[in-house]
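Me: Please take a close look at a single part of this model and walk me through it. I would like to know how its charged side chains are placed and paired.

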Amino acid sequence: MIADLAPNLAVVASAETWPIIREYERTITAVISGYVQPRIAHYLDRFEAALAEKGVTCPVHITKSNGGVMGIEQARAECVQMILSGTASGVIGAGHLARQCGFARVLSLDIGGTSADVAVIVDGQPQFGMGERIGDFHIHLPTVSVSSVGQGGGSVAWVDPLGMLRVGPDSAGSTPGPACYGRGGRRATVTDAMAAANLIGHSPLGYGAVRVDHAAARAAIAPLAERLGISVEEAAAHIVDISVSSMYAEVSALTARFGIDPRAFHLFAFGGAGAMLACFLARELGTKGVVVPPTPGVVSALGGLIADLRNDFIRTLYVDVDAAGAAALAAPLAELRATALDWLHGRQGFRGKARITLSADIRYAGQAYEIETPLDPEALDAEALRAAFHAAHRRFHGHADASAPVQLINLRLVIAGATPKPALPEIARAAGPAVPVVEVTGWFGGRGLATPVHRRGDLRAGHRFAGPAIIGQEDTTTVVPPGFAVEVDRFGNLVITREA
Amino acid sequence: MTREGLAFASPSQFGAPWYSGIDYGPLLRMFDDYAPGDICITNDPYSGNVATHSPDLHIWKPVFYRGRLACFVVGHIHNTDVGGAVPASLSRSLTEIAQEGVRIPPVKLVAGGVMNDFAVAVMRANVRLPDQNWGDLNAQIASVNIGERKMQEIIARFGFDAFIGGAERVLDYAEAQARAVLSRVPDGEYFFADSADEDSVGGKPCRIALTLRVSGDEVELDYTGSDLQLSSSLNMPTGGRERHPLVMVGLTYVLFTLDDSLLLNAGTLRPARAVLPEGTVVNCAPGAAVGMRSLTCALTQIVTVGAFAQALPDLMPAASPGGNAIMNVKTAARNGRPVMASIGPVGGGGGTPFCDGSDGAGGATGFLRNTPIEISEAEVPIRFLRYGLEPDTGAPGQFRGGLSAVMEFQVTAPETVVTARNRNRSIMPGWGLRGAHPGRVSRFLRNPGPAEQQLRNADLVHCDPGDVIRVVGPGAGGWGDPFLRDPRAVLRDLARGAISAASAEADYGVVIRDGRIDAAATAARRARRRAVPGGLFSHAAERRAFEAVWSVARYDALTAFLAQMPVGWRYFLKHRVFEAVAALPDAAAQDAAATAAAMARIFADLCTRFDLPAPRLAAE
């Protein structure tokens, strides 16, 4: 009808964007979709034209917030699906690497200039959530669940009027950037704290584009140290502690939300500053260790390249989980399955085998929210559904009530079509011990320690050495505090663990 | 909580932000000793004055580290129903705490790892939907268990002594923050009073009076002059504790508005103390009904903002109007099972010196979450006809008040009971600041239309299938002269349906023709301006009419008189005085001496009539 009245008006139907019960959540998502759609669609048109001009003929895939990819036609119509795809790609890349290298449980840690993004990855699979935030708005679409905290290498340290040292939320970003980058930044940042502690800047950074000025870092921190009545090195240590404690608080909330114990996880560090701070965060969280992949600066790009075709389907049912309710699942499930297969093989033209996973949003009657509960497609009777939900509830909340009535709100289906993945190259085995290029005095917790500096390119599989140590490479610096030890695995990952 | 019971950390992202500075000390001390694994509960407002009405079930658990008590983790949940005389347990019509549901005195729910089944059975036997309460209780138990584990992790990381010292320093820091804010508030004494519509069903207004004394970096909130204890459930069970959270909510809001980096814990309240005379609505005697204390608490917030507005006229907003009803619908589902759901529209936020008030979410109640109507419809056999923002409900101002929410639903099952908690502002609306308009009254109707029934502040409505209930939240006051509002903002409001064309012209002096501002006509219309009300506050006609009879002097005389009467007589005598004062000439027609004499005569007559000891006169 709208098309008759106003043929040029873009129409977004919330029931098509994501058909869930809860009118506000559904509407806000549709409104955001309508808001971004014209510009993104226009951009995609130009992008496609530019590719054609360059003679690129392969089909274009666009990354999605759910960690998958979709064809460009769908992207033009459902732009809202792309909103958090950048962080999602990083998580997908980290998940792929972690699984290939045999790390079953990792927390991805992507730290850039302004924020630290953390996600839970089990067996290469990220966790998904709905209602992730963009500014003031919650986007109700299945999204790779990423907790973002406003702490990065560029976060600015300051002393508040009551004499308390604070870090962030202001960030020097990339311009003017940290004082030690010599691009006009004057305020002390977390990166400056690491430089003032002499823990970074001993090898070329940013492929030669960045030179670390240690004196500038110390000069930026000096006035803060003076106000606090402590040394520059102590102030630098406190700045790192405060920044890391903000990350700890956020990651704690994340682990509680997904009911996981960080002690069973590795921190998988990437982004420009991830490897610089990962060990400090690992110490607070008590994780099993830290993994730094060979090229931490390009993990997100890898994620985009290897992502599967993936789409989510949902049907709100609102039934009691009893014999009648369980029987009522069959028809909608068959419909969802048919729609999903049509999406993958029809609209996306995928020829391979479809991977389908089932879940349901379930709750105790009376609760105001649901838990997404994985379902076994072979066991969809009431008893099995209830058992699956009780297990999920116990995992998230520490208890379950086997006698309470249970309601199934939404039935959900995810379809994926696997895309080819490159095999990871293995690196050469070490013939002798790792040899540092230089030894510097690094400051840890205000104490100066003799700290060897290694070049990443010199390290070989099987190399093992204890912290303190610094490992420099073009796209990041890995800092290993005392009490940690590094081992290089056959893929060239730095695997850093706490010494017993 | 510290081992002494002072909150040193409280959530900032969820829950009612009223209790950030709570002191559990009186409750904690009711037990001689604690052992690892103990979990205690109570909902009794008169045991330690920590719980504030019966639906709030408080829970606390000691955290031990290597055998030493390190801190407590605590929390409370508002249970939708804890039994008593009405569904959802709360109604202003109730007159004693015994009618407000089951009272669980402080008890170890878990001791030595064993659940106290009797305590659970008592609770279950005395509530309407025991499975809901049982679910809530399990959630609470899980929360303190996780809290205990998290605290133990922190202590293990930093060490016992560093943890204990750190908690103290967090309190000290919050205190220093609060003092820094208060030192920027001009010293002085600032008085403000406001009234709830009714002190009982169909009753008289209930006044909250506050004298705010700011001196250096400290502040005293003297509630002397507030109404004496009522025989309805508007009383607040503070026990006279000078930092009781219920009388400090407004202060916390003001401080946080002036500096949103405040930590908010018990340290925040250290520079403050309240004066809470016994036997008053702000400090009732044990046994009094307290269910609706949030209505009264909303008023304490409003008078706190009003008092600070005098000290900081360029920084304070018009108060959120209060009287935001929390509604529950209880009915029988089609299968006969009773079901209950919480819904409820609210008023907007007051206009501020910098921007309009927030629409549909009063600043003071932003912590209440929206219940999607699709969920309510799925849960309860009711059908929503409207849920949105009501035009022309935000009081005109240079920065207008936020729009009120409107909700309209149709009942489809027999024996449906709608309870509307905290209904207020149906008779006397909120106020505006600096020449803005005051707020509008809230509306509550059954079957809107020619045969509509005004429900005003009713908090219990029995409905039949087909009945339509319509609620419009109380309107928020504005800030600043509406004739100074940017005409483009008026045009935008009109285009968005926030105001009517009539309001644009009459209230804002903005003439809009064919969707455009007529600049010349607007200038002419604004030049013929009405007289701008002088003074900081603009009050509605309803309040001015009330104050024409009830001047501050007369009301002060009333509360001073009642304070000398036995607690059990106060409410009764207040109503007799109201009847007598109605016969007096307008307050403006009497000078101070005549007012004092007339009031004294009324009091003396009543004491003679009811054989009560004669009151001392104010002058003596």
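Reply: Let's begin with B:Asp194, which counts as buried because its relative accessible area is 2% (buried means under 20%, exposed over 50%, and partly exposed in between, with a 1.4 Å probe and protein chains only). This is a predicted model, in which local features need pLDDT of at least 70 and side-chain atom pairs count only at pLDDT 80 or more, while totals for chains, interfaces and linings use all residues. Residues are numbered from 1 along each chain as its sequence is written, chains are lettered from A and ligands numbered from 1 in the order written, and side-chain values use heavy atoms, without hydrogens and water.

B:Asp194 belongs to strand E6 of chain B, which covers residues 188–196 (helices, H or I of at least four residues, and strands, E of at least two, are DSSP runs numbered from the N terminus). If you step twelve residues along the chain from B:Asp194, you reach B:Cys206, and the C-alpha atoms of these two residues are 8.3 Å apart.

B:Cys206 makes a handy stepping stone, because strand E7 of chain B spans residues 206–215 and also holds B:Arg207. B:Arg207 makes a salt bridge with B:Asp556, and the closest N and O atoms of the pair are 2.6 Å apart (a salt bridge is a side-chain nitrogen of Lys or Arg within 4 Å of a carboxyl oxygen of Asp or Glu). On the other side of this contact, B:Asp556 sits in helix H12 (residues 552–563) of chain B, so the salt bridge ties together parts that are 349 residues apart in sequence. How accessible are the two partners, B:Arg207 and B:Asp556? B:Arg207 is buried, with 4% relative accessibility, whereas B:Asp556 is partly exposed at 32%.

A second pair joins two strands of chain B. Here B:Arg470 is bridged to B:Glu408, with 2.8 Å between the closest N and O atoms. B:Arg470 comes from strand E19 (residues 468–472) and B:Glu408 from strand E13 (residues 405–411), so this salt bridge links parts of chain B that are 62 residues apart in sequence. Both B:Arg470 and B:Glu408 are buried.

Some salt bridges share partners, and one network built in this way takes in B:Glu189, B:Arg213, B:Glu220, B:Asp222, B:Glu242, B:Arg243 and B:Arg273. Two members can be placed on the strands you have already met: B:Glu189 falls within the residue range of strand E6, and B:Arg213 falls within that of strand E7.

One further pair is worth finding on your screen. B:Arg124 and B:Asp131 form a salt bridge whose closest N and O atoms are 2.7 Å apart. B:Arg124 counts as partly exposed because its relative accessibility is 28%. To put these pairs in context, a search over all chains of the whole structure gives 62 salt bridges.

Two other aspartates of chain B are picked out by their backbone. B:Asp514 has a positive phi, near 55°, although the residue is not glycine. B:Asp514 is placed in the loop between strand E20 (512–513) and strand E21 (516–517) of chain B, and at 81% relative accessibility B:Asp514 is exposed. B:Asp611 also has a positive phi in a residue other than glycine, with a value near 60°. You will find B:Asp611 in the segment after helix H14 (592–609) of chain B, where B:Asp611 counts as exposed at 69% relative accessibility.

While we are on the backbone, chain A has two peptide bonds to look at. The bond from A:Gly168 to A:Pro169 is cis, with omega near 0°, and A:Pro169 lies in strand E12 (residues 165–171) of chain A. A cis peptide bond also joins A:Gly467 to A:Pro468, with omega about 5°; A:Pro468 is in the loop between strand E21 (464–466) and strand E22 (469–473) of chain A.

Back in chain B, the aspartates make a good set to compare by eye: B:Asp194 is buried at 2%, B:Asp556 is partly exposed at 32%, and B:Asp514 is exposed at 81%.
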